[in-house]
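Here is a small set of exercises to work through with the viewer open. Try each task yourself before reading its solution.

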Amino acid sequence: KRQLILPEHIIGNDAFIAQISFVCGSSNFRAKIINQYGFTNEELFVHLSKGYSNIGRILKDSIVLITKRNFENKGDIITLYNDTDIQLLKYKNLIPSDFNTIPSTSINNTSINNTSFDNNIFDDVIIESSTAGIDIDTI
């Protein structure tokens, strides 16, 4: 099983779910912040540090967890969400249930766009207790 990190698990209020809008190269991206209602008006320049390069390949339209830097209008990518994670984000009402990622993929023959799904697709996911908190400075 693998651990799913949600914005509420990050210490401070500077963690957000975002969609990659542009791949700049050299581990730099533009990301649009998403909440339960859809896209906000905020788009950030974000960076994937070398320590996180093993999280997978980040492409345009990928869904990621980012943290905003307090000292500038930039951020850092913490994790890349896969299709199962995105379904769970929808289930927990962290992103809109009708939110589409492009290209649309499927999980166990269940369409991403289908909001009625079998909860056993989350069996491989451990959700960190929100009381513990994760300090990104220690990662």
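**Exercise 1. Place asparagine 28 and describe its surroundings.**

Step 1. Asparagine 28 belongs to strand E3 (residues 28-35); strands (E, at least two residues) and helices (H or I, at least four) are DSSP runs, numbered from the N terminus. A word on the ground rules: this is a predicted model, where local features need pLDDT of at least 70, side-chain atom pairs count only at pLDDT 80 or more, and totals for chains, interfaces and linings use all residues. Residues are numbered from 1 along each chain as its sequence is written, and side-chain values use heavy atoms, with hydrogens and water left out.

Step 2. Check the accessibility. Asparagine 28 counts as buried because its relative accessibility is 18%, where buried means under 20% relative accessible area, exposed over 50%, and partly exposed in between (1.4 Å probe, protein chains only).

Step 3. Look for polar contacts, which are pairs of N or O atoms within 3.5 Å; within protein, one must be able to donate a hydrogen and the other to accept it, and residues adjacent in sequence count only if both atoms are side-chain atoms. The side chain of asparagine 28 has such a contact with the side chain of histidine 47, at 2.8 Å. It also reaches the backbone oxygen of serine 26, at 3.2 Å.

Step 4. List the contacts (heavy atoms within 4.5 Å). With neighbours within four places in sequence set aside, asparagine 28 touches Val23, Phe45, Val46 and His47.

**Exercise 2. Trace how E4 is paired, and find the sheet that contains it.**

Step 1. Start with the E3 side. A hairpin of 2 residues joins E3 to E4, and the two strands pair in the antiparallel sense over 7 bridges; strands pair if DSSP finds at least two bridges between them. In this pairing, arginine 30 stands opposite phenylalanine 45 in E4.

Step 2. Turn to the other partner. E4 pairs with strand E6 (residues 74-81) in the parallel sense, over 3 bridges. Here valine 46 stands opposite glycine 75 in E6.

Step 3. Assemble the sheet. Its 5 strands form a closed barrel in the order E2-E3-E4-E6-E5, with mixed pairing. On average, neighbouring strands of this sheet are turned by 50° against each other, direction ignored.

Step 4. Add the helix. H1 packs on the sheet and touches strand E2 (15-25), strand E5 (63-68) and E6; its direction makes about 105° with that of E6. Axes here are lines fitted to C-alpha atoms, for helices over the stretch in contact, and angles run from 0 to 180 degrees between N-to-C directions.

**Exercise 3. Decide whether H1 is mostly covered or mostly open, and inspect both of its ends.**

Step 1. Helix H1 (residues 83-91) is mostly covered, with 7 of its 9 residues buried. Among them are Ile86, Leu88 and Leu89, along with Asp85 and Lys90.

Step 2. At the start of H1, a side-chain oxygen of asparagine 82 comes to within 3.0 Å of the backbone nitrogen of threonine 84.

Step 3. Just after H1, asparagine 93 has a positive phi of about 60°. Asparagine 93 is partly exposed, at 48% relative accessibility. Its C-alpha is 8.8 Å from that of asparagine 35, although the two residues are 58 apart in sequence.

**Exercise 4. Find the aromatic pair and classify its geometry.**

Step 1. Apply the rule: rings of Phe, Tyr and Trp (its six-membered ring) pair if their centres lie within 6.5 Å, with planes under 30 degrees apart counted as stacked, over 60 as edge-to-face and the rest as tilted. The count comes to 1 aromatic pair.

Step 2. The ring centres of phenylalanine 39 and phenylalanine 99 are 5.6 Å apart and their planes stand at 65°, so the pair is edge-to-face.

Step 3. Locate the partners. Phenylalanine 39 is in strand E4 (residues 38-47) and phenylalanine 99 in the loop between H1 and strand E7 (106-107), so the pair links distant parts of the chain, 60 residues apart.

Step 4. Compare their accessibility. Phenylalanine 39 is partly exposed at 43%, whereas phenylalanine 99 is buried at 7%.

Step 5. Check for a charge over the ring (NZ of Lys or CZ of Arg within 6 Å of the ring centre and within 35 degrees of the ring normal). The charged end of lysine 32 sits over the ring of phenylalanine 39, 5.6 Å from its centre.
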